[in-house]
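Welcome, and thank you for taking a look at this structure. Please keep the sequence and the 3D view open side by side while you read.

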Amino acid sequence: MLVYALVAGLLFGLYFSLVGIGLNLVFGVMRIVNLAHGDFLMLGAFIAVGVSALAGFDPLFAVPLAFVVFVLVGLVLYYLLVPRLQGSVDPEMLSIILFFGLSQVIEALTTIAFGTSERSIDSGELGKILAGLRVHVFGGDADGPVELLGQSFPTSWVISAAVSVVAILLVYVYLYRTRLGTLTRAVMSRREEAFATGINVDRVSAVAFGIGLGLAAIAGVFAPFMFGSVTPAFGEDATVTSFAIVVLGSLGNPLGTALGGVVYGISYMVVQTYLSSWADLLPYVLLILILLLRPSGLLGRRVRVA
Amino acid sequence: MPPSASPASALLHADGIVAGYGTMQVLWGVDLDVRPGETVLLLGANGAGKTTFLKTLVGLIEARQGHIVLGGEEVTRTRSSDRMRRGMTYMSELAVFPDLSIEENIRIGAQALGHANPNARLDELYGLFPVLREKRRDAASSLSGGQRKMLGIAKALAAEPKLLVLDEPSAGLSPLFVKEVIRVLAGLRDRGLALLVAEQNIGFLEIATRVFVLEGGRIRFSGTVAEMTDNEALRRAYFGLK
């Protein structure tokens with residue numbers, strides 16, 4: 001049972017890393033807490049439902065679609081909301097209020113459009129175009145579960161974890177191997193110094209905001225498979241979970257989110273396995289513990305003081 | 001007192017600059033000019049308005065009144081990145097990006113301004129600051145305070161400026177490192193680079209061509225170093241002499 005909990009925890013953890021990484025990227029660059037993060041995740045889930053149930057395609061096709069749509073939405077929202085916010089006296093406090101309001105609006109509009117009923121997708125739908133490859137790599141039959149360390153896991157969990165790893169690696173490539181990514185890390189390191197160095201901070205922030213929303217939407221595509229179903233109210237829980245993961249890893253360090261996600265995922269599955277009724281408390285308990293014991297997170301920055 | 005350079009002949013000419021934060025006015029009509037190749041020291045105590053003035057010059061704070069002319073062009077309402085592209089780079093007190101490597105810091109100095117060949121520039125700068133070459137893969141946060149200032153100067157030099165504006169390069173440094181910073185700046189001055197240095201450390205007088213003294217957001221004195229040391233009131237205020 002422990003092996004199952006640990007492997008399932010790792011799969012969920014990789015997925016949770018994707019859930020939180022967009023929130024952390026946005027916070028790292030803009031010092032703004034996007035309280036509507038979970039709502040963009042929820043909208044990504046609805047795109048997956050649409051692609052699968054309405055269009056009849058493999059939900060994997062929703063991944064690039066959700067990413068592109070929400071990067072564009074992010075760019076529009078950024079230029080619409082953020083420059084006015086940054087020009088205010090207390091942008092961090094105002095951002096909390098503004099994005100909380102945005103979260104409520106998104107939830108209300110989604111409820112009006114789709115109702116409050118739970119939406120799910122048959123787990124066999126995810127990755128059906130890759131069924132041949134999966135049988136070749138993991139064996140078994142095309143519709144069955146995947147065997148890992150002698151334990152059986154739903155194929156959708158493995159695909160979600162694999163896509164999450166790819167997405168996180170691409171974020172790494174963006175941040176550490178591209179010119180815009182280096183400028184993004186510079187803004188994350190010291191926003192004021194970025195202005196002083198002549199970096200176009202607005203452009204860097206807009207791209208980061210778009211990518212952050214795009215990553216949330218990709219995570220949302222897999223939410224119906226990882227959590228069974230989604231409703232318009234799903235966004236609130238997703239934001240709290242994301243926040244716990246981000247604080248656990250290191251606020252403002254997107255790649256720390258990967259560690260935070262894995263620690264959270266393993267904790268979540270171990271608690272789910274042995275103390276299932278306590279599992280819903282986990283994000284809050286972890287948030288309190290990390291803030292009391294190591295407020296800078298597991299990968300908190302240490303700077304040499306000259 | 002030497003006359004101010006005309007806007008056309010000065011590399012940088014600031015005229016009647018008024019600036020501040022919100023309802024607080026910090027600068028009350030500040031005039032200053034820097035000619036090609038000279039080193040100007042902006043001397044003032046904490047709170048005199050030195051940083052506000054430099055930030056206004058480089059475009060990080062908007063001037064409420066007055067004019068800034070850079071290389072003969074009015075730049076008062078242009079973005080900071082535009083002023084930097086026109087040849088004025090700025091080293092803030094923070095100086096570097098601590099989470100980035102030393103090489104990334106220098107590359108950003110060059111790339112943010114669209115430098116055509118950052119690799120060649122890197123080699124030149126490593127020649128000027130050999131200690132940075134040795135540690136080029138390390139995070140800037142691992143450097144000592146003095147080394148961070150060197151990196152800050154290298155970052156600001158990466159875009160090949162005509163005028164380097166430095167905000168308190170001695171801040172937080174031991175006297176030994178302050179001497180090292182002065183030595184490096186003297187070397188840049190000798191290469192013909194114009195420098196505008198805001199300081200409260202009078203040790204920087206040894207590299208200055210002219211001095212402007214800022215007090216309470218107003219220029220109280222401008223002239224040569226010799227003229228400043230001849231001024232009894234300033235001698236008392238800054239040299240502790242009677």
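What follows is a short tour of a predicted model, taken mainly from the viewpoint of chain B.

## Chain B as a whole

Chain B holds 9 helices and 10 strands. Its C-alpha atoms fill a box of roughly 50 × 40 × 35 Å along the principal axes. The radius of gyration of chain B is 17 Å, which agrees with the value near 18 Å for a compact globule of 242 residues. Of those 242 residues, 48% are buried. If you look at the contacts in chain B with a separation of 6 or more, 66% of them join residues that are 24 or more positions apart.

## Two domains

The domain assignment of chain B gives domain 1 (1–87 + 161–242) and domain 2 (96–160). The centres of these two domains, taken over C-alpha atoms, are 24 Å apart. Where they meet, 11 residues of domain 1 of chain B are in contact with 10 residues of domain 2 of chain B. On the domain 1 side, H2 and helix H7 (175–190) of chain B are the elements that give two or more residues. H7(B) gives the most to that side, with 4 residues. By class, the domain 1 side has 8 nonpolar, 1 polar and 2 charged residues.

## Where chain B meets chain A

Which parts of chain B touch chain A? To begin with the counts, 24 residues of chain B are in contact with 19 residues of chain A. Helix H2 (80–85), helix H3 (102–111) and helix H6 (145–157) of chain B each give two or more residues to this side. H3(B) gives the most, with 4 residues. This side of chain B has 10 nonpolar, 10 polar and 4 charged residues.

## Strands of chain B

One open sheet of chain B has 4 strands in the order S2-S1-S4-S5, with antiparallel pairing. Its edge strands are strand S2 (24–34) and strand S5 (73–74) of chain B, each of which pairs on one side only. Within this sheet, B:Gly20 stands opposite B:Gln25 in S2(B).

Now turn to strand S8 (residues 194–199) of chain B, which is mostly covered: 6 of its 6 residues are buried. Both of its faces are covered, with B:Ala194, B:Leu196 and B:Ala198 on one side and B:Leu195, B:Val197 and B:Glu199 on the other. S8(B) pairs with strand S3 of chain B and with strand S7 of chain B. In the first of these pairings, B:Leu43 stands opposite B:Glu199. In the other, the bridge partner of B:Val165 is B:Leu196.

Here are three strand pairings of chain B.

| Strand | Partner | Sense | Bridges |
|---|---|---|---|
| S1(B), residues 12–21 | S2(B) | antiparallel | 8 bridges |
| S3(B), residues 39–43 | S8(B) | parallel | 5 bridges |
| S7(B), residues 163–167 | S8(B) | parallel | 5 bridges |

## The largest nonpolar core

B:Val165 also has a place in the largest nonpolar core, which has 173 residues. The members that touch the most other members are A:Leu41, A:Ala45, A:Ala217, A:Ile218 and B:Val165. Helix H9 (residues 201–226) of chain A supplies the largest share of this core, 17 residues. From chain B, the core draws at least three residues from each of domain 1 and domain 2.

What does B:Val165 touch, not counting residues up to four places away in sequence? The residues are B:Leu54, B:Leu57, B:Val58, B:Met88, B:Tyr90 and B:Leu196. B:Leu196 thus appears among these contacts as well as being the bridge partner of B:Val165 in S8(B).

## A stop in chain A

Finally, find A:Leu299, in the segment after helix H12 (282–293) of chain A. Is A:Leu299 buried or partly exposed? A:Leu299 has 17 other C-beta atoms within 10 Å, so this residue counts as partly exposed; a buried residue would need 20 or more.

Leaving aside neighbours within four places in sequence, A:Leu299 is in contact with A:Gly249, A:Ser250, A:Asn253, A:Gly256 and A:Leu259. A:Leu299 and A:Val247 are 52 residues apart in sequence, and their C-alpha atoms are 9.8 Å apart in space.

How values were computed. Residues are numbered from 1 along each chain as its sequence is written. Chains are lettered from A and ligands numbered from 1 in the order in which they are written. This is a predicted model: local features need pLDDT of at least 70, side-chain atom pairs count only at pLDDT 80 or more; totals for chains, interfaces and linings use all residues. Two residues are in contact if their C-beta atoms, placed from the backbone, lie within 7 Å. Ala, Val, Leu, Ile, Met, Phe, Trp, Tyr, Cys and Pro count as nonpolar, Asp, Glu, Lys and Arg as charged, and the others, Gly among them, as polar. The radius of gyration is taken over C-alpha atoms; the globule rule is 2.2 Å times the number of residues to the power 0.38. A residue is buried if 20 or more other C-beta atoms lie within 10 Å of its own, exposed if 12 or fewer, and partly exposed in between; C-beta atoms are placed from the backbone. A nonpolar core is a set of buried Ala, Val, Leu, Ile, Met, Phe, Trp, Tyr and Cys residues joined through C-beta atoms within 7 Å. Domain bounds come from an automatic or database domain assignment. Two strands pair if DSSP finds at least two bridges between them.
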